[in-house]
Amino acid sequence: MFRPPGAPARPARRPRTPHRSLAAAAGAALLSLGVTACAGAGAVGGGDGEQIVVAIVSNPQMQDAISLQDEFRAAHPGIDVRFVSLPENEARAKITASVATGGGEFDVVMISNYETPMWAENGWIENLQPYAEATPGYDPEDFVPSVREALSVDGDLYSVPFYGESSFLAYREDLFAEAGLQMPDRPTWDDVRELAAELHDPEQDFSGICLRGLAGWGEVMAPLTTVMNTFGGQWFDEDWNARLDSPEVKEAVQTYVDTVQQYGQPGAATSGFGDCLTRFAQGNAAMWYDATSMVSSIEDPASSTVAGKTGYVPAPVEKTDAAGWLYSWSLAIPSTSEHKDAAWDFVSWMTDKDYIELVGEKLSWERVPPGSRLSTYEIPEYAEVSEAYADATLTAMSEATQEATMVAPVPYPGIQFVGIPEFQDLGTRVGQQISAAVAGQKTVDEALEQSQQYAETVAETYREGAER
C-alpha cells in the first residue's frame, strides 16, 4: 500500500504488538539514561510559580527560545519553565523513554512528524486541536499545509510545529563564480561529486562538501535515506521484505560514502547537523546537503561568515524528480502532564505568530524559525532577508512527497524515516554501520550485510502480522 507523508502511522500489515515492544524498549532506555525531572542537562529557570519541564533538542533555534524566556515570564508570571536541552540523539532517547513508559517527567516535549501519529494513536500525547482553536489569534490554519497534515490525526493537531523543513543543497555562490563553475538548477549526485572535486582543498582545511556521518536515525540516516530513495532503493518493499542489500541501496550508499570520504570534511564519521552547520558557516566547505532550516544560522551575519554568499538548489537527484525530505520539530504535551494548561500556554507562545515577530525584532530576522507558518513569508522584513532561500524552502517542502521522491511504492509512511515504532532502534543500528563505513572501519557491503539482518528481523514481524 502506498502512503503519503503525514498519513496515520498504522501500517496496513501490522505486527501483533509494535507499540508494546516500543514501550518495553523505552523502559530499558529510561533506566539506562537515568531521566530526572528538573535536573536534566541544560535545565534553566527560576521562580516560585507553577513549574513545567520542557524537553527540547539543543539546536540553534531552540537555544534562541531559551534566551527569550524573560518575554514568556513577563506574559505568564505564574509559570516557571525549566528546560532539559540535549543533543538530538540523546534527546530523542530520553523523550521517547519518558513518554512511552508514562514517566511523567516532562510537561512539554519536542518531537516530530515521525512520533506524532504513532504517539497520538497510543494516547501518549494530548489532542491540541481544541487548545489551538480556543486560543485567540493562534490560527492553526496558518501552518504550512504539508506540515500541518503531517502532525495531525483525523484532522486534529497532536503536536504543533516550531519549525518545518525539507532539505536542499547549499553552495558558495562566490567561490563558484571565482572558479567559473555553474551549479545546475536541479543537480544530480554526479554533478555534486564533480563540483566537490573541483573545490576540495584539504591542505587549506576546505572540503568540497559537508555531509553527515554521525550514527543515528536522525543524523546520518536522514540525508542518506533520501539518497537511497532517489537511487530507487527502499528500506522495505510492499510485502515487507527488507531491501537494504539491494543493488539500488548499495549504489546509493556507496555514492554517499565515497563522496564524503573523497571530498568531505575531516572526521566525517562523527559529524552531525551541528558540526556541518559550524563548518559551512565558518567558510570551510563549498557545499552542504542538509535541512532547509540551516538558513536561520547560515544567513545570520552575527554567527556566519558566508551570509549573503550562499545559494540554494533542490536536493540532488538520480532517478526521481525530487529528493527532499519533510520534517518538523514540533511541541507536544504528554498525557501524563499534570500542568496541561500551563504547558499549552508555553507551547502556544513558542509557536505563535507573535513569537516569529519577537525573534525577528529581538534577535534578527535571519534567525526566525522557518517553514512553520505561511504568514512568516509575508512579513516584509523576513521577505527581504529570506529572498535567497524562501522560494527554495517552500518549493522543497511542497515537493516532499513519496510520489516525487521514491521510485517504487512502500508500505510505510515517511521519506527520510520509516514510520513504524521499531525504526528508532533499527535506524540507529543501521546508522552505526554506515558511520563505520564512513570512517573506513568496514566496507559498504559489510555495513549493508549487517544492516539487512537488522531490517529482516523487523520485517519478519510485519509479515507475520499480515498473514493473520
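Select leucine 224 to begin: leaving aside its neighbours within four places in sequence, this residue is in contact, meaning heavy atoms within 4.5 Å, with Ala252, Val253, Tyr256 and Ile434. The model on screen is predicted, so local features need pLDDT of at least 70 and side-chain atom pairs count only at pLDDT 80 or more, while totals for chains, interfaces and linings use all residues. Residues are numbered from 1 along each chain as its sequence is written, and side-chain values use heavy atoms, with hydrogens and water left out.

**Stop 1: leucine 224 and its helix**

Leucine 224 belongs to helix α10; helices (H or I, at least four residues) and strands (E, at least two) are DSSP runs, numbered from the N terminus. Its relative accessibility is 0%, and leucine 224 therefore counts as buried, the term for under 20% relative accessible area, with exposed meaning over 50% and partly exposed in between (1.4 Å probe, protein chains only). If you now add valine 249, which lies 25 residues away along the chain, you will find 9.9 Å between the C-alpha atoms of the two residues.

**Stop 2: the crossing of α10 and α11**

Select residues 221-230 for helix α10 and residues 247-263 for helix α11, whose axes come within 8 Å and cross at roughly 135 degrees. Such axes are lines fitted to C-alpha atoms, for helices over the stretch in contact, and angles run from 0 to 180 degrees between N-to-C directions. That crossing angle makes α10 oblique to α11, since angles under 35 degrees count as roughly parallel, over 145 as roughly antiparallel, 65 to 115 as roughly perpendicular and the rest as oblique. The crossing of α10 past α11 is right-handed, which is to say that the near helix is turned clockwise from the far one by less than a right angle. Show side chains for Pro223, Leu224, Val227 and Met228 of α10 and for Val249, Ala252, Val253 and Tyr256 of α11, the residues that make the contact. By class, the residues of this contact are eight nonpolar, no polar and no charged, where Ala, Val, Leu, Ile, Met, Phe, Trp, Tyr, Cys and Pro count as nonpolar, Asp, Glu, Lys and Arg as charged, and the others, Gly among them, as polar.

**Stop 3: the three-stranded sheet**

Move next to the open sheet of three strands in the order β8-β7-β9, where the pairing is antiparallel; two strands pair if DSSP finds at least two bridges between them. Its edge strands are β8 (287-291) and β9 (310-314), each of which pairs on one side only, and from one strand to the next the twist averages 30 degrees.

Select β7 at residues 167-172, which pairs with β9 in the antiparallel sense over five bridges and is joined to β8, again antiparallel, by five bridges. Leucine 169 has bridge partners in both neighbours, namely valine 313 in β9 and tyrosine 289 in β8, whereas tyrosine 171 has glycine 311 as its bridge partner in β9. Six of the six residues of β7 are buried: Ser167, Leu169 and Tyr171 point one way from the strand, and Phe168, Ala170 and Arg172 point the other way.

**Stop 4: the five-stranded sheet**

A second selection shows an open sheet of five strands in the order β2-β1-β3-β10-β6, with mixed pairing. At the edges stand β2 (79-86) and β6 (160-165), each with a single partner strand, so one side of each is left without a neighbour in the sheet. Direction ignored, neighbouring strands of this sheet are turned by 15 degrees against each other on average.

Within it, β3 (residues 108-111) and β10 (residues 327-332) run antiparallel and are joined by three bridges, and valine 109 stands opposite alanine 332 in β10. Add helix α14 (residues 340-351), which packs on the sheet and touches β1, β2, β3, β6 and β10, its direction making about 30 degrees with that of β6. Helix α2 (residues 60-67) also lies across β1 (50-57), β2, β3, β6 and β10, but runs at about 140 degrees to β6.

**Stop 5: helix α5 and the whole chain**

Select residues 115-122 for helix α5, where six of the eight residues are buried, namely Glu115, Thr116, Pro117, Met118, Trp119 and Ala120. Glycine 123 follows α5, with a positive phi near 75 degrees.

Finally, return to the full chain, which has 20 helices and 10 strands and in which buried residues make up 60% of the 468 residues.
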